[in-house]
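Biologist: I would like to learn how to read a ligand site and a helix pair. Can we take them in turn?
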Amino acid sequence: MRLTGKAAIVTGAARGIGKAIATAFAAQGAQVVVSDRDEDAAKATALEIGGDAIAVKADISVDADVESLVQKAISAFGKIDVLVNNAGIGATTLFLESSREEFERVVRINLTGTFLVSQSVAKTMVSRKSGSIINIASLSGQKGGVGRSAYGASKAGVELLNKVMAVELADYGINVNAIAPGPILTEVSKTMHTLETREAYHRLVPQRRYGEPEEIADAAVFLASDEARYITGHTLNVDGGFLAAGLLFPFDSKTSTKLADEK
Ligand SMILES: NC(=O)c1ccc[n+]([C@@H]2O[C@H](COP(=O)([O-])OP(=O)(O)OC[C@H]3O[C@@H](n4cnc5c(N)ncnc54)[C@H](O)[C@@H]3O)[C@@H](O)[C@H]2O)c1
């Protein structure tokens with residue numbers, strides 16, 4: 001029970017990674033607000049989690065929704081100890097074919113939404129001089145993947161926002177960290193990732209597999225716990241080695257062809 005006594009908001013928690021995080025937090029003793037713009041699914045998830053979990057409908061890119069989310073969390077649990085900015089949307093469109101509308105929509109939800117919820121929640125943490133904010137970024141914000149101009153730029157923005165918030169909120173006892181997942185098996189990646197995308201990940205990720213939502217949740221539990229008290233401004237990659245990988249091929253020192261001057 002590493003989160004006993006803590007109250008947490010997880011955005012985009014109706015399904016996928018957010019649901020796994022909310023479930024893991026509750027299993028570790030936290031009181032959880034399962035927030036999502038999909039109200040029915042959020043309610044179903046909160047019911048499934050049971051205990052103190054409550055569902056709150058909120059679109060993170062709408063100011064009034066964010067304000068009411070924070071108020072409802074405070075009236076339910078009296079405080080917010082942990083915020084996980086998980087809600088986000090994906091997009092895979094070639095740069096030359098991207099529209100202004102799509103670019104702005106992705107940035108508005110993934111980056112501006114993260115800013116809005118963080119600021120609103122941080123204002124409640126400041127007076128208590130304690131809190132933890134965890135931002136779900138992405139490997140697409142660190143590497144230039146095909147089709148990821150809007151999505152990658154939004155997630156790179158989240159990583160920089162993560163650093164600035166960590167610096168400015170340190171005096172108030174608030175820790176701010178990000179998790180950058182590699183490819184994770186969720187409904188979205190199951191339906192949106194083409195065969196080519198899947199094959200590319202299996203070729204490029206040293207562990208040769210997609211991660212599970214629960215593997216992101218494990219990292220989130222650690223960052224939300226007191227064990228992470230001296231960690232702030234950090235991005236924890238949970239990516240099967242994807243970022244670390246350079247040349248990646250089956251090398252056999254006996255059979256590999258040597259250049260003439262090495263023989
Ligand atoms: N699945 C992956 O491979 C992967 C990899 C790297 C990063 N991520 C990031 O992890 C997070 C979760 O991804 P997922 O795969 O679980 O996605 P998902 O689509 O399964 O779940 C996202 C949830 O967020 C909600 N949501 C979307 N826009 C919202 C908004 N404006 N306001 C409130 N809720 C909103 C959706 O209703 C949904 O329930 C996202 O930020 C995503 O960018 C995912």
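**Reading the ligand site**

Modeller: Start with polar contacts, and keep in mind that this model is predicted. An oxygen atom of the ligand sits 2.6 Å from an N or O atom in the side chain of Asp36.

Biologist: How much of the ligand's own accessible area does the protein cover?

Modeller: The ligand has 830 Å² of accessible area on its own, and the protein covers 92% of that.

Biologist: Which other polar pairs should I look at?

Modeller: Take Tyr151: an N or O atom in its side chain is 2.5 Å from an oxygen atom of the ligand. Arg37 uses its backbone instead: a polar atom there is 3.4 Å from a nitrogen atom of the ligand. The cut-off for such a pair is 3.5 Å.

Biologist: Which residues come nearest to the ligand?

Modeller: Arg15, Ile17, Asp36, Asn86 and Tyr151, out of 26 around the ligand. By class, the shell holds 14 nonpolar, seven polar and five charged residues.

Biologist: Which helices each supply at least two residues of that shell?

Modeller: Two to note are α1, residues 16–27, and α5, residues 149–169.

Biologist: Now the helix pair. At roughly what angle do α1 and α2 cross?

Modeller: Compare the axes, with their N-to-C directions. Those of α1 and α2 (residues 39–49) cross at roughly 30° and come within 10 Å. So α1 is roughly parallel to α2, since angles under 35 degrees count that way.

Biologist: Is the crossing left-handed or right-handed?

Modeller: Right-handed, as α1 passes α2.

Technical notes:
Residues numbered from 1 in each chain as written. Predicted model: local features only at pLDDT ≥ 70, side-chain atom pairs only at ≥ 80, totals over all residues. Heavy atoms only, no water. Near = heavy atom within 4 Å. Polar contact = N/O pair within 3.5 Å; in protein donor to acceptor, adjacent residues only side chain to side chain. Areas by Shrake-Rupley, 256 points an atom, 1.4 Å probe, with all protein chains shown as cover. Helix = DSSP H or I, 4+ residues; strand = E, 2+ residues; numbered from the N terminus. Nonpolar A, V, L, I, M, F, W, Y, C, P; charged D, E, K, R; others polar. Axes fitted to C-alpha atoms, helices over the stretch in contact; angles between N-to-C directions. Parallel < 35°, antiparallel > 145°, perpendicular 65-115°, else oblique. Left-handed = near helix turned anticlockwise from the far one by under 90°.
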